[in-house]
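Visitor: I would like a close look at one part of this protein, the place where its aromatic side chains come together. Could you walk me through that part and then through its surroundings?

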Amino acid sequence: IRECIGCNICVSGDMTGGISRCTQNTAFMEEWRKGWHPERARPKGPSDSVLVVGAGPAGLEAALQAARRGYRVTLAEATTVLGGRVARERGLPGLAAWGRVADYRTGQLAPLTNAEIYRDSRLSAEDVLAMGAEHVALATGASWRRDAVARHHLHPIATDPAMPVFTPDDLMAGEGPRDGRVVIYDDDHFYMGSVMAEVLVARGCAVTFVTPATKVAEWTDNTLEQGTIMRRLLGLGVTVTLSKAPVAIGAGDVTLECCWTGAQQAIAADAVLMVTARLPHDGLWHDLRARQAEWAEAGIRSVRLIGDAAAPGPIAWATYA
């Protein structure tokens with residue numbers, strides 16, 4: 001049983017008029033269009049081996065599906081923990097269920113004799129070429145940006161190096177401010193900004209939540225969570241500032257600009273947390289592409305970049321990839 005994680009990505013398909021998805025059951029909505037069955041794996045092709053680099057949601061799903069089809073699968077994870085982004089996000093307030101994405105897949109992989117998992121195994125292009133795998137899937141993930149670039153700003157904004165600027169990755173690693181005034185700039189509009197606010201409030205910080213949208217976590221209207229998130233933030237004492245975005249970060253303040261009028265105001269801050277876009281970890285992909293002339297001699301027939309390493313998005317997009 002693929003236990004539901006309660007992300008409501010399935011509902012968002014109805015709300016946006018698009019095809020529905022399921023984070024846990026990747027065959028959902030593709031049973032007829034693509035002939036996918038949630039339990040019956042298609043037979044493998046003429047090749048035998050698959051190397052998957054990265055054991056996040058995309059890598060775990062790729063390894064599981066390839067192994068079920070009968071390929072000899074090697075899964076290499078750079079850290080000692082399987083799960084990638086969900087291994088980090090499951091420790092955040094209200095997101096413990098995110099861990100089921102990793103738990104289900106690692107549990108299904110464990111008894112398979114044709115799948116080998118190697119932790120603490122960061123691979124270089126040289127390593128991949130030496131592995132002898134016929135097909136390679138690179139699921140190396142992504143990291144949050146700290147320069148304000150996302151939907152509203154397409155270029156970095158002026159930032160005084162004296163102002164500490166953090167990302168969700170920093171907080172999930174146990175770093176970041178423990179007190180003082182923190183400005184969160186949310187141009188992601190999904191769940192992460194509000195969860196980060198809750199983490200900072202629990203640490204004793206006074207939080208101002210800034211977004212260019214007209215609502216906090218605006219996209220969560222599609223997952224039926226926006227009202228709950230807004231009530232939660234107001235109940236925690238978070239100051240909510242809508243329809244504004246930072247245009248400059250000083251040593252002790254942040255200059256905000258109204259998205260409608262252009263009027264500016266400066267608010268005092270001791271630190272800034274950027275919840276904006278994410279950058280893919282695609283260095284290994286580019287290194288391998290640069291050595292494509294060596295693939296055939298190494299026995300490699302294909303290399304694919306998948307999941308957040310190809311296009312950062314919701315977890316359901318990673319498992320679907």
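Which residues form one aromatic cluster?

Guide: Happy to. Trp 98, Phe 190, Tyr 191 and Trp 219 make up one aromatic cluster. Please keep in mind that this is a predicted model, where local features need pLDDT of at least 70, side-chain atom pairs count only at pLDDT 80 or more, and totals for chains, interfaces and linings use all residues. Residues are numbered from 1 along each chain as its sequence is written, and side-chain values use heavy atoms, with hydrogens and water left out.

Let's start with the rings. Four aromatic pairs are found in the model (ring centres of Phe, Tyr or the six-membered ring of Trp within 6.5 Å; planes under 30 degrees apart are stacked, over 60 edge-to-face, the rest tilted). One of them brings Trp 98 and Tyr 191 together edge-to-face, with 5.5 Å from centre to centre and 80 degrees between the planes. These two rings come from distant parts of the chain, 93 residues apart: Trp 98 sits in the loop between helix H3 (85-89) and helix H4 (100-109), while Tyr 191 is in the loop between strand E8 (181-186) and helix H7 (192-203). Helices here are DSSP runs of H or I with at least four residues, strands are E runs of at least two, and both are numbered from the N terminus. Trp 98 counts as buried because its relative accessibility is 7%, and Tyr 191 counts as buried at 10% (buried is under 20% relative accessible area, exposed over 50%, partly exposed in between, with a 1.4 Å probe and protein chains only).

Now take Phe 190, which pairs edge-to-face with Trp 219, at 5.1 Å centre to centre and again with 80 degrees between the planes. This contact also links distant parts of the chain, since Phe 190 lies in the loop between E8 and H7, and Trp 219 lies 29 residues away in the loop between strand E9 (206-210) and helix H8 (226-235). Phe 190 is buried, with 13% relative accessibility, whereas Trp 219 is partly exposed at 31%.

Three members of the cluster also touch an enclosed space. The model has one cavity of 30 Å³ or more, and the largest cavity holds about 60 Å³. Trp 98, Phe 190 and Tyr 191 are among its lining residues, together with Cys 7, Ile 9, Thr 23, Arg 85, Pro 314, Ile 315 and Ala 316. On a 1 Å grid over the protein atoms alone, a cavity is a set of points where a 1.4 Å probe fits but cannot get out, a pocket is an open set with protein on both sides within 12 Å along at least five of seven lines, and lining residues have an atom within 4 Å of a point. Points are joined across faces, edges and corners, and volumes are the space filled by probe spheres set on them. By class, the cavity lining has eight nonpolar residues, one polar and one charged (Ala, Val, Leu, Ile, Met, Phe, Trp, Tyr, Cys and Pro are nonpolar; Asp, Glu, Lys and Arg charged; the others, Gly among them, polar).

E8 and E9, which we met beside the aromatic loops, belong to a sheet. This open sheet has five strands in the order E7-E14-E8-E9-E10, paired in parallel. Strand E7 (165-166) and strand E10 (239-241) are at its edges, each with a single partner strand, so one side of each has no neighbour in the sheet. Strands pair if DSSP finds at least two bridges between them; E9 and E10 have three, running parallel, and Phe 209 is bridged to Val 240 in E10.

H3, on the other side of Trp 98, leads us to open space. The second largest pocket has a volume of about 700 Å³. Its lining counts 37 residues, and Gly 84, Arg 88, Thr 140, Gly 141 and His 281 are the closest to its centre. H3 contributes the most to this lining, with four residues, and H2, strand E5 (142-144) and helix H6 (168-172) each supply at least two. That lining divides into 18 nonpolar, eleven polar and eight charged residues.

The largest pocket holds about 930 Å³. Among its 33 lining residues, Ala 62, Gln 65, Ala 66, Arg 69 and Ala 321 are the closest to the centre. Helix H2 (57-68) and helix H11 (315-320) are among the elements that give two or more residues to this lining, and H2 gives the most, with seven.
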